[in-house]
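Let's take a walk through this model together, going from the whole chain down to single residues. Keep the viewer open as you read.

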Amino acid sequence: MAEDGEEKLLATVQHIVQTLGSSDTMTEDILKVFSNYDGRLSLDKLYAARTAAAAAASGGGGGGGGAAAGIGGERSMPASPPLPPPPAAVSGAGPRPPVTSMERTVRTLDRQISQFVAMDRLIWADSGDADAFLEAVDDLIGTVQELDAAGTNRALLDRADVLLSRCMARLEDEFRALIERPDDAAPTAPGGFGSDGSDDDDDFGGGDGYGDEPIPIAKPVTDYDVVIDALSPGSIANVHQIAKRMVDAGFGRECAEAYAAARRGFVDESVARLGVRPRTAEEVHASPWEELEFDIARWIPAFNMVFRILIPSERRLCDRVFDGLAPFGDLAFIAAVRTQALQLISFGDAISSSSRAPERLFRVVDMYEAVRDILPDLDPVFSDPYSAALRAEVSAMCNTLGSSIKGIFMELENLIRRDPARVAAPGGGIHPITRYVMNYLRAACGSRQTLEEVMEGDSGANGGVPVAVDPDRPTSSLAVHIAWIMDVLHKNLDTKSKIYRDPSLAAVFLLNNGKYIIQKVNDSELGVLLGDEWIKQMTNRVRRWSMDYQRATWGKVTTVLQTGSPGIGGLPAKAMLQKLRMFNTYFDEIFATQSEWVIADEQLRVDIRAAVEDSVMPVYASLIAKLKSSPETGRDLYIKYTPEVVVDRIHHLFEGAAK
């Protein structure tokens, strides 16, 4: 009787299911309700009864014109109501196979996940929803993997794959939203590291975080040993859980792309706020230098901010989000920062390939030093194969900036060579090219360490580590280069001196410029670079030019003042008076002309005057004394210039036209 009652109960359930189960999902739900209501109605018994009924309906004696309706088909009532056929069966398609537990799992997951996918708010706005969704995702991933391994139900696997794709699309949306709008989600995490809202600094190399509040971009600073925590620990834990599921499901690359898209906006905005705007090489080459100087002044701190703070902070964040999910974290990191990093690099390359006018040296050196100093710090940031190329780009930019510095020095040589010799410096003074070159080289020595490194060509080979400078090594590449520039300058000045028709003035011109060069060399590190021997040679040149002036100007004066040996055989008074008149003429001409000449260096001016006095006054005083003592001149002797007046006038030579 008990068995008979159970059969009637099963038949009743079968009839109810047949009547109310208008869809596969509803049929499943009804069967589950009955199985939970009565222990005699287990799912195994219900499906076994449905299978038997389906077999009887399809048998020869089963009467069978009215097959059970499948999905979307019309239903008919058999004389003896069977249990609903399996959902996969289609009207007129013959017997349906039994529904497996895997099919039931997929249907259940479809129902659960569809509810979450259809939400019009963030799932992570509610931690309970996030937990449930992640659990369903884990189950679905496991089911897909099991179906794929079995390989016996392709149709069900395809259905699960479609569901998985829908699930991943929603996860990607949540992932991006949590990164871009972390405040929209609950602060608590569904599990994993950081789930208690704390952040273990030892695990992530930190202690520099700023708490749970998201941090906007950093303002320019001089201390670059800081970290930007753009997401709170709770938000990082949430996105890590999503990333893990996407990677497990085979959507790691999509996850990396979503991360990069979400973070790229933050990086772009940060760089834009630093005042750096993208510019093509053509724009840079066409811009006036004053404008480029302003751009470089913004580029250097921006470069330091991006490569010392922003990019390392992005690496730190990315490593935490994709912890244990290599290589997708590396892909996400480089995709997030590459565009803005290349923008900064391209500007440096454009400056390197633009005009190499000498006035650009100092700004290019500043750029080179900024890049060189940062290279060692980039190794841990760009250590993976995907970002190593970007590190190589920075290193290549450093090399091109170094090449530009060398090119600028070569252009300085060409500038000196091309400087025309058509116009002479007034009064034999210091030529503008001399002032320009010496002040330029003196200022350049302020970056001697860098220039030594560049000229030695060790910037790349030495990995960005500065080259040790030997202060007693005037044969370094930089020293040789500067000595060559000095030689070019000397030849240019020698050519310019020939413009002066007066050899005396040509000598004064070389004297002025030679003395100025020595002063600038002794007053800077140029003296160390050029060495004592070079300075000695230059001093000898100045001494020789001084002698050239003495001979050209005062040689004829001292010759005309010679009176021969004293006593018998001396010149007659008439001849001495003629010499005196010739002296007066020469002296008037010299004073009228050379009092307007200029010797810029005060000590050199004193030395030249003293040398003139020493050569002229003894013979002039001797002539005057002889004339005064000669009985032939007597009281008719006229002396235009007393020795005291001659000395005074000599002391007023070379004061310039203004005096």
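**From the whole chain to its details**

Of the 659 residues in the chain, 46% are buried. Bear in mind as you look around that this is a predicted model. The secondary structure is quick to list: there are 21 helices and 0 strands. If you take the contacts with a sequence separation of 6 or more, 76% of them join residues 24 or more positions apart.

Now let's turn to a pair of helices. Two packed helices are described by the angle between their axes and the distance between the axes. Here, helix α8 (residues 252-273) packs with helix α10 (residues 289-321) at an angle of about 160°, and their axes are 12 Å apart. Angles over 145 degrees count as roughly antiparallel, and α8 and α10 are therefore roughly antiparallel to each other. The crossing of α8 past α10 is right-handed. On the α8 side, the contact is made by Y259, R263, F266, V267, S270 and V271, while α10 contributes V306, L310, E314, L317, C318 and V321. Sorted by class, this contact of α8 with α10 has 9 nonpolar, 1 polar and 2 charged residues.

One of those α10 residues, C318, deserves a second look. What is its relative accessible area? The value for C318 is 0%, so this cysteine is buried. The closest cysteine sulfur to that of C318 belongs to C255, at 9.3 Å, which is too far for a bond; a disulfide would need the two sulfur atoms within 2.5 Å. In fact, the structure holds 0 disulfides. Another cysteine, C398, is also buried, with a relative accessible area of 0%.

Moving on from α10, you come to the loop between α10 and α11 (328-353), where P327 is found. The peptide bond from A326 to P327 is cis, and its omega is near 5°.

Further along the chain, find R448 in helix α15 (residues 448-456). Is this arginine, R448, buried or exposed? Its relative accessibility is 9%, so R448 counts as buried, the cut-off being under 20%. R448 also sits 8.4 Å from L478, C-alpha to C-alpha, with their positions 30 residues apart in sequence.

Our last stop is F654, in the segment after α21 (643-650). F654 is not a glycine, yet its phi is positive, at about 65°. With a relative accessibility of 1%, F654 counts as buried.

How values were computed. Residues numbered from 1 in each chain as written. Predicted model: local features only at pLDDT ≥ 70, side-chain atom pairs only at ≥ 80, totals over all residues. Heavy atoms only, no water. Axes fitted to C-alpha atoms, helices over the stretch in contact; angles between N-to-C directions. Helix = DSSP H or I, 4+ residues; strand = E, 2+ residues; numbered from the N terminus. Parallel < 35°, antiparallel > 145°, perpendicular 65-115°, else oblique. Left-handed = near helix turned anticlockwise from the far one by under 90°. Contact = heavy atoms within 4.5 Å. Nonpolar A, V, L, I, M, F, W, Y, C, P; charged D, E, K, R; others polar. Buried < 20%, exposed > 50% of the residue type's maximum accessible area, 1.4 Å probe, protein only.
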